[in-house]
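Let's walk through this structure together, one part at a time. Please have the sequence and the 3D view ready.

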Amino acid sequence: MPYEIKKVFASLPQVERGVSKIIGGDPKGNNFLYTNGKCVILRNIDDHSRFVNCVRFSPDGNRFATASADGQIYIYDGKTGEKVCALGGSKAHDGGIYAISWSPDSTHLLSASGDKTSKIWDVSVNSVVSTFPMGSTVLDQQLGCLWQKDHLLSVSLSGYINYLDRNNPSKPLRVIKGHSKSIQCLTVHKNGGKSYIYSGSHDGHINYWDSETGENDSFAGKGHTNQVSRMTVDESGQLISCSMDDTVRYTSLMLRDYSGQGVVKLDVQPKCVAVGPGGYAVVVCIGQIVLLKDQRKCFSIDNPGYEPEVVAVHPGGDTVAIGGADGNVRLYSILGTTLKDEGKLLEAKGPVTDVAYSHDGAFLAVCDASKVVTVFSVADGYSENNVFYGHHAKIVCLAWSPDNEHFASGGMDMMVYVWTLSDPETRVNIQDAHRLHHVSSLAWLDEHTLVTTSHDASVKEWTITY
């Protein structure tokens, strides 16, 4: 097989504030249900004053517990249904309780609450054994929990999965981070001898991933407030991202910390950004093209006569290719602090969805909504070199391999193709690369390792063999 899945960095649970991940009660708080063999039993209770979010039988079946938005946990006899006690007396938590989970030996209970804590209860003596403070922000509310053998887990509103440490309740053993919303774009960069993947999602979050271990985290500080549409890395090791919050951000990949200094506010919403040597960046916006130099806006083309969609800068730094919704690619020259339209039009087969120069600058690849990739030869005056067919739906993204002989494309058909420049019939076809959603972005770590992402909020690494 010419390809195999190498790693999957899976998505986090999609969570919503105030909504439990496990439902077992009547929202009005008057009824709860549970199963007994092949039966579903509905009982009436008047103990809880607000929504019942979770009902759990103990593993031995002798008791069951109910948790509610009123901050109460009640313990009942598993055979008669009679109430045994209320954990913690008047209240178990200071906020609503969204999940509970029994210990394997049925003696203890783990609870997760909107008061940003999880707790372990000794049910037999009705006392708290441990309290796990999970933070101070809204995103630290606890919406789910699980007691699995010796492992205690909780799920935060941020989507993070926390491994709780009974010996040190103040700090989790491990926190699994990632994206809980759809990923729109990614890029890769080597830092300190390691290869990292940077991904941006619909909610404005940017995460960085160790490509070997999958360990990841988000940048510190306050970043984008809306969808991250495109990212790239410049020659000085800065991540440049554009977002639907109408900004372009420059973030140091050494510090991985947002700052208020590296933010360029734009007049209209940006769609795509590309960088060149010398501190240049070109941003295409709705009805506008913007040239940045050293993090400052120095030139713009308003109402260019077509709708620009995507942009690429030649590795030499002198030429900019901009793809439009009209199915054409236009070439511009960077002249100091201005952009000059060269008057050259490259015809694609449909509305242009992505453009990319090969790393040696010899070729320009253009993909479109008509399911075609067209490659142009730069040295031959941008004459058409070859056309590549295979996708069953609109192509969304392109990326060249470091070997300059292969490139990959991802589409709405959930497929990824790896093409051979010299022979369009020689290809690697990864079907259902992301089964739930289309491929939204891709990049190469090396000549044989391809990274893809999707609106399924996962990042995948693929080993490619030819």
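Helices and strands here are runs assigned by DSSP, a helix needing at least four residues and a strand at least two, and they are numbered from the N terminus. With that in hand, look at residues 176-219: this span is 0% helix and 59% strand, and its end C-alpha atoms lie 15 Å apart. UniProt, in an unreviewed entry, places a "repeat: WD" feature on this span, and also on residues 45-86, 90-131 and 388-429. The span 388-429 is 0% helix and 62% strand, with 13 Å between its end C-alpha atoms.

Before going further, a word on confidence. What you are viewing is a predicted model. The pLDDT averages 90 over the chain, and 91% of the residues reach at least 70. Residues 19-23, however, have a pLDDT below 50, although the model gives this stretch 13 contacts beyond near neighbours in sequence. Another such stretch is 34-39, where pLDDT stays under 50 and the model has eight contacts beyond four places in sequence. Where pLDDT is low, the predicted coordinates should not be read in detail.

Now step back to the whole chain. Its division gives domain 1, covering 52-176, and domain 2, covering 183-463. Between the C-alpha centres of domain 1 and domain 2 there are 45 Å.

Let's turn to the sheets. Strands of a sheet pair through backbone hydrogen bonds, either parallel or antiparallel. One open sheet is built from four strands in the order 24-25-26-27, with antiparallel pairing. Its edges are strand 24 (270-276) and strand 27 (296-302); each has a single partner strand, so one side of each is left without a neighbour in the sheet. On average, neighbouring strands of this sheet are turned by 20° against each other, direction ignored. Within the sheet, six bridges hold strand 26 (residues 288-293) and strand 27 in an antiparallel pair. To find this pairing on your screen, look for I289, which stands opposite I301 in strand 27.

A second open sheet to visit has four strands in the order 36-37-38-39, again with antiparallel pairing. Strand 36 (395-400) and strand 39 (423-430) are the edge strands, each pairing on one side only. From one strand to the next, the twist averages 25°. Moving inward, strand 37 (residues 406-411) runs antiparallel to strand 38 (residues 416-420), and five bridges join them. Here F407 faces W419 of strand 38. Strand 38 also pairs with strand 39, in the antiparallel sense and over five bridges. How many residues does the hairpin use to join strand 38 to strand 39? The hairpin passes through two residues. In this pairing, T420 has D423 of strand 39 as its bridge partner.

Finally, consider the charged side chains. A search of the whole structure turns up eleven salt bridges. One of them links K194 with D210, whose closest N and O atoms are 3.1 Å apart. K194 belongs to strand 17 (residues 194-201) and D210 to strand 18 (residues 206-210), so the pair ties together parts that are 16 residues apart in sequence.

How values were computed. Residues are numbered from 1 along each chain as its sequence is written. This is a predicted model: local features need pLDDT of at least 70, side-chain atom pairs count only at pLDDT 80 or more; totals for chains, interfaces and linings use all residues. Side-chain values use heavy atoms; hydrogens and water are left out. Domain bounds come from an automatic or database domain assignment. Two strands pair if DSSP finds at least two bridges between them. Axes are lines fitted to C-alpha atoms, for helices over the stretch in contact, and angles run from 0 to 180 degrees between N-to-C directions. pLDDT is the predictor's confidence in each residue, from 0 to 100. Contact means heavy atoms within 4.5 Å. UniProt positions are given in the numbering used here, feature names are shortened, and annotations may be inferred rather than shown by experiment. A salt bridge is a side-chain nitrogen of Lys or Arg within 4 Å of a carboxyl oxygen of Asp or Glu.
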